[in-house]
There are 2 protein chains.
Amino acid sequence: METNDSAACLEMKGVKPTANRILVWKALRQSAHPMSLTDLEEVLETMDKSSIFRVLTLFLEHDIVHAFEDGRGILNYEPCTSKTACNLSDAHIHFYCESCRKSFCLDDIPLPEFHLKEGFTIHSVSFVIKGECPQCRKKES
Amino acid sequence: METNDSAACLEMKGVKPTANRILVWKALRQSAHPMSLTDLEEVLETMDKSSIFRVLTLFLEHDIVHAFEDGRGILNYEPCTSKTACNLSDAHIHFYCESCRKSFCLDDIPLPEFHLKEGFTIHSVSFVIKGECPQCRKKES
DNA sequence: GCAAGAATGCAACCGGGTTGCATCGTACGC
DNA sequence: GCGTACGATGCAACCCGGTTGCATTCTTGC
């Protein structure tokens, strides 16, 4: 994941690859977990919160990342991949560890089936399971 | 739903039925939708936000109401009923209308099945479907 | 090299949620 | 009845994630 690759990747999605945007993109790619605005702020010390925010907003508009609320109502961002498709009927399951406060993208779990009453139009779906992740569980025992 | 009934109801759950607590309880019972702290603030003009907040917190502790995040990450409260059981494996599906910004408790829809990877402990589950409710949909067309 | 527009940093703001603290109300003992 | 002690309440201030206005700093095309 070199800078050149990142730049090319952003450009491909229709976004000018500025230094900051590449920083944000790399941070998201390199993280094992979806990141919140605050997480990114801590990692990208050189960047202002508002700049990160604007980059994320831009990325969202260009389907470069997608966002979801974690268990605390805080937005988390993660790069769009082939696995986590970013179309209108965008649907993910996420796991939020209440111990380490990290989110996990459970993209290998199929979205459960459900049926709505007549008349409801679905825009998006947000499934979050809260609990304790394997690592934290081990630590406690 | 007389005041006496409300008082008795609260007392049964181990909460002293003060005037304010009865007000909050009645407001929640009378509302067709789950209510946020702000919703309650607007309805209960005589009460301070912090008082409402503390009443809600107390109600949560006593399983009188339960709370969930709506589509915006804002907590919504609704009275516990036999339908929406308030046990540990508390699981609801909610619908959030992005047009009128109201939440709907879809307690007649069964919780979908899903299976987690080994090692994850589930504390609670939050399923929110965002979209447009029948009323808003009608208005638009 | 320069002007025009985009990107950025700073500071301030917003809104939901939360807390410290002083006051008020009430229930109980006397 | 009366005082006291404790819980409930209101007020104000704070926290934090998110958002915006504005001035400054790049870029980029010319």
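## Where the two chains meet

How many salt bridges are counted between chain B and chain A? The count is 2. This is a predicted model, so treat what follows as a guided look at that prediction. In one salt bridge, Lys130(B) pairs with Glu69(A), and their closest N and O atoms are 4.0 Å apart. Polar contacts are also found here, with 16 residue pairs across the interface of chain B and chain A.

On the chain B side, strand E6 (121-132) and helix H5 (134-140) each supply at least two residues to the surface that touches chain A. E6(B) gives the largest share of that side, with 12 residues. Sorted by character, the residues on this side of chain B comprise 15 nonpolar, 9 polar and 11 charged.

## How much surface is buried

Contact between the chains involves 35 residues of chain B and 35 residues of chain A. Together the two chains bury about 2900 Å², and carbon and sulfur atoms give 59% of that area. If you would like a few chain B residues to look at, try Glu69(B), Phe120(B) and Ile129(B): they supply 18% of the area that chain B buries against chain A, more than any other three residues.

## Strands paired across the interface

Strand E6 (residues 121-132) of chain A is joined to E6(B) by 11 bridges, and the two strands run antiparallel. To find one of these pairings in the structure, look for Gly131(A), whose bridge partner in E6(B) is Ile122(B).

## Around DNA strand D

Both chains come up in the surroundings of DNA strand D. It is surrounded by 16 residues, and the closest are Phe53(A), Leu75(A), Arg21(B), Ser51(B) and Arg54(B). Among the atoms of DNA strand D within 4 Å of the protein, 63% belong to sugar or phosphate, while the rest belong to bases.

Three side chains show what these approaches look like. Ser51(B) has a side-chain N or O atom 2.6 Å from a phosphate oxygen of DNA strand D, and for Asn20(B) the corresponding distance to a phosphate oxygen is 3.3 Å. Lys49(A) instead faces a base: an N or O atom of its side chain is 3.1 Å from a base nitrogen of DNA strand D. The elements giving two or more residues to this surface are helix H3 (37-43) and helix H4 (49-61) of chain A, along with helix H2 (19-30) and helix H4 (49-61) of chain B. H4(A) provides the largest share, 4 residues. Overall, the residues near DNA strand D divide into 4 nonpolar, 7 polar and 5 charged.

Notes
Residues numbered from 1 in each chain as written. Chains lettered and ligands numbered in written order. Predicted model: local features only at pLDDT ≥ 70, side-chain atom pairs only at ≥ 80, totals over all residues. Heavy atoms only, no water. Contact = heavy atoms within 4.5 Å. Buried area = accessible area lost by both parts, 1.4 Å probe. Salt bridge = Lys/Arg side-chain N within 4 Å of Asp/Glu carboxyl O. Polar contact = N/O pair within 3.5 Å; in protein donor to acceptor, adjacent residues only side chain to side chain. Nonpolar A, V, L, I, M, F, W, Y, C, P; charged D, E, K, R; others polar. Pairing = 2+ DSSP bridges. Near = heavy atom within 4 Å.
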